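Reader: Before I use this model, I want the terms set against their definitions. Please take the sheet, then the helices, then the overall fold.

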Amino acid sequence: MRLRSVELALPQAQAAAEFLLEPWRLIAAGTQGGALYFRGTGPHPYILSLREAAAPEVLAIEFSGSPEEVAALQARARAAGVPVDTFAELDAPGGGAGCIVTGPEKQKYRFVAEAAPVAELPAERDRPLQITHAVLNSVDVAACERFVETALGFRVSDRTKMMTFVRCNRKHHALAYAHSDVSSLNHIAFEMNDVDGVMRGIGRMRDAGYDVVWGPGRHGPGDNVFGYFIAPFGGIVEYTAEVSEVGDDYKVGSPEDWKWPPGRIDQWGISTKDGSRIPAAERVFRFV
Ligand SMILES: [Fe+2]
């Protein structure tokens, strides 16, 4: 199973679309069923969608897999007794059958069977490949962990004081649940080809008037390089690269394993986090 896209609803979707094309450098993937679709250069028909709405909302976190993988997940979720709604053909680029599984805080996880792989586009150093993780603010992280492990069959990779990281394949995390008092989208991470792509992205965003709010740095869990920005539509977007891969033998880390020395919150220690602006932006897109 692979994380494929995040579906957002928001006011002034067209203005958000313009930002996502330039300077963020996604690629327009058409309009269908009232939504605007965007892709990266990786093997997905789209990695983000926008719908016009009166208030910001996360409509779905979407995964794709083989028909067998999606059927197995559907059976597992049903056996776990959580809400499962099936669909025969998704009204989105690529189509496909699948299901929506609802999480304990109204999170909608959509799973789509891909009939055929989508051709990758030639990699470009200044364009994202795909989405590599979404972090969700959660009021009950333990309940979210139980849900993803039991109903979805995902695995916990690490727990820190701030959040729990979970994976659905060898990538260290596809999702993370951050302790919060709201259920919302904390941020979306867009994977670049390499560290150079992240650094060049930070420069391009600065040229466009968007200062990095945290980064460049390298995280502890996942070991990925990062640069975070507050998008003009309110949410947080991240350029990232070099996320680690782990196997079944990975030892799940605890908050004690991920303590930083005083004054540090990442491996490099060269940038500070803009604590005055980030927390509010992590609460803009709610699950309703
Ligand atoms: Fe991230």
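Author: The model is predicted. It contains an open sheet of eight strands in the order β2-β3-β4-β1-β5-β8-β7-β6, and the pairing is mixed.

Reader: What makes β2 and β6 edge strands?

Author: Strands β2 (27–32) and β6 (84–87) each pair on one side only, and that is what the term edge strand states. On average, neighbouring strands in this sheet are turned by 20° against each other, with direction ignored.

Reader: How do you know that β3 and β4 pair?

Author: Two strands pair if DSSP finds at least two bridges between them. Strand β3 (residues 35–39) and strand β4 (residues 48–52) have three bridges, in the antiparallel sense, so the criterion of at least two is met. At residue level, L36 has L50 in β4 as its bridge partner.

Reader: Which strands does helix α1 lie across?

Author: Helix α1 (residues 13–21) lies across β1 (2–10), β2, β3 and β4, and runs at about 160° to β4. Helix α2 (residues 67–79) lies across β5 (57–65), β6, β7 (98–102) and β8 (108–113), at about 145° to β8.

Reader: How many helices and strands are there in the protein?

Author: The protein has five helices and 16 strands.

Reader: Why is the protein called as compact as a globular protein of its length?

Author: Its radius of gyration is 18 Å, and the globule rule gives 19 Å for 288 residues; the two are close, so the description holds. The C-alpha trace spans about 50 × 40 × 35 Å along its principal axes. Buried residues make up 47% of the 288 residues.

How values were computed
Residues numbered from 1 in each chain as written. Predicted model: local features only at pLDDT ≥ 70, side-chain atom pairs only at ≥ 80, totals over all residues. Helix = DSSP H or I, 4+ residues; strand = E, 2+ residues; numbered from the N terminus. Rg over C-alpha atoms; globule rule 2.2 N^0.38 Å. Buried ≥ 20, exposed ≤ 12 C-beta atoms within 10 Å, placed from the backbone. Axes fitted to C-alpha atoms, helices over the stretch in contact; angles between N-to-C directions. Contact = placed C-beta atoms within 7 Å.
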